[in-house]
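Please read this briefing alongside the sequence and the coordinates. The notes are grouped by topic, so that each can be checked against the structure in turn.

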Amino acid sequence: MKRYGVEGGQGTGGQRMPFARATEADGFLFVSGQTPMKDGEVIDGGIVAQSHQAIQNMIAILTEAGYGTEHVMRIGVWLDDPRDFASFNKVFKEYFGDHPPARACVVSSMVIDCKVEVDCVAYKKPTA
């Protein structure tokens, strides 16, 4: 098993998080939940800006591990407000319109003050 970002990345206020950003085994990549943070702080803006940032953070981890959006099998989405569902879907389609994965979307209060969190499971056939 391979771990990416075992230092856990940077949380609010610059704190180190106690988990890997992603783990990989036998062609599967499990990406930890990504929030709309940049440089350790939640970005300003509404659901559209925050959705872009959260998805871009997730894609950056996929890329680091050698995966692309076409490898994403399932995405989990947490929204703070159910009224943001349609706006999130528009942003989501920009990234996954050609390769739509399975998806679950729930409404939940967030641990940090943001509007959205995403995680994913990706797969690509091991080369060796």
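What follows is a short overview of the chain and then bullet points on its helices, salt bridges, surface and selected residues.

The structure is a predicted model, and its chain of 128 residues has 42% of them counted as buried. Its secondary structure comes to two helices and eight strands, which succeed one another along the sequence in the pattern β-β-β-β-β-α-β-α-β-β. Among the contacts in the chain with a separation of 6 or more, 69% come from residues 24 or more positions apart.

**Helix packing**

- The axes of α1 and of helix α2, the latter spanning residues 85–96, come within 9 Å and cross at roughly 35 degrees, and the crossing by which α1 passes α2 is right-handed.
- On the α1 side, the residues that meet α2 are I47, V48, S51, H52, I55, Q56, M58 and I59, while the residues of α2 that they meet are S87, F88, V91, F92, E94, Y95 and F96.

**Salt bridges**

- A search of the whole structure finds two salt bridges, and in one of them the side chains of E64 and R21 meet with an N to O distance of 2.5 Å.
- This pair links distant parts of the chain, 43 residues apart, since E64 belongs to helix α1 (residues 47–64) and R21 to the loop between β1 (2–4) and β2 (22–25).
- The two partners differ in burial class: E64 has a relative accessibility of 44% and therefore counts as partly exposed, whereas R21, with a relative accessible area of 17%, falls under the 20% cut-off and so counts as buried.
- The other salt bridge joins D81 to R83, with their closest N and O atoms 2.6 Å apart.
- In this second pair D81 is buried, at a relative accessible area of 17%, whereas R83 is exposed, at 72%.

**Surface**

- The chain exposes about 7200 Å², and carbon and sulfur atoms supply 51% of that area.
- A nonpolar surface patch of about 350 Å² is made by F28, F30, M73 and Y123.
- Of the patch residues, M73 is found in strand β6, which covers residues 72–79, and M73 counts as partly exposed because its relative accessibility is 42%, a value between the 20% and 50% cut-offs.

**V31, a buried strand residue**

- V31 has its place in strand β3, residues 28–34, and is buried, with a relative accessible area of 3%.
- Leaving aside residues up to four places away in sequence, V31 touches R21, A22, M58, I61, L62, D119 and C120; among these, R21 is also the salt-bridge partner of E64, and M58 is also one of the α1 residues that meet α2.
- The C-alpha atoms of V31 and A65 lie 9.9 Å apart in space, although the two residues are 34 residues apart in sequence.

**A104, a partly exposed strand residue**

- A104 lies in strand β7, which runs over residues 102–107, and counts as partly exposed at 28% relative accessibility.
- Not counting residues up to four places away in sequence, A104 touches R74, I75, G76 and V77.
- From A104 to V118 there are 14 residues along the chain, and their C-alpha atoms are separated by 9.9 Å.

**Positive phi values in loops**

- D26, a residue other than glycine, has a positive phi near 50 degrees; its place is in the loop between β2 and β3, and D26 counts as exposed at 67% relative accessibility.
- D39 is likewise a residue other than glycine with a positive phi, here near 55 degrees; D39 lies in the loop between β4 (37–38) and β5 (41–42) and is exposed, with a relative accessible area of 69%.

Terms used:
Residues are numbered from 1 along each chain as its sequence is written. This is a predicted model: local features need pLDDT of at least 70, side-chain atom pairs count only at pLDDT 80 or more; totals for chains, interfaces and linings use all residues. Side-chain values use heavy atoms; hydrogens and water are left out. A salt bridge is a side-chain nitrogen of Lys or Arg within 4 Å of a carboxyl oxygen of Asp or Glu. Helices (H or I, at least four residues) and strands (E, at least two) are DSSP runs, numbered from the N terminus. Buried means under 20% relative accessible area, exposed over 50%, partly exposed in between (1.4 Å probe, protein chains only). Patches are made of residues with over 30% relative accessible area and no salt bridge: like charges are joined within 9 Å, nonpolar side chains (Val, Leu, Ile, Met, Phe, Trp, Tyr) within 5 Å. Accessible areas come from the Shrake-Rupley method with a 1.4 Å probe; for residues, only the protein chains shown count as cover. Axes are lines fitted to C-alpha atoms, for helices over the stretch in contact, and angles run from 0 to 180 degrees between N-to-C directions. A crossing is left-handed if the near helix is turned anticlockwise from the far one by less than a right angle, and right-handed if clockwise. Contact means heavy atoms within 4.5 Å.
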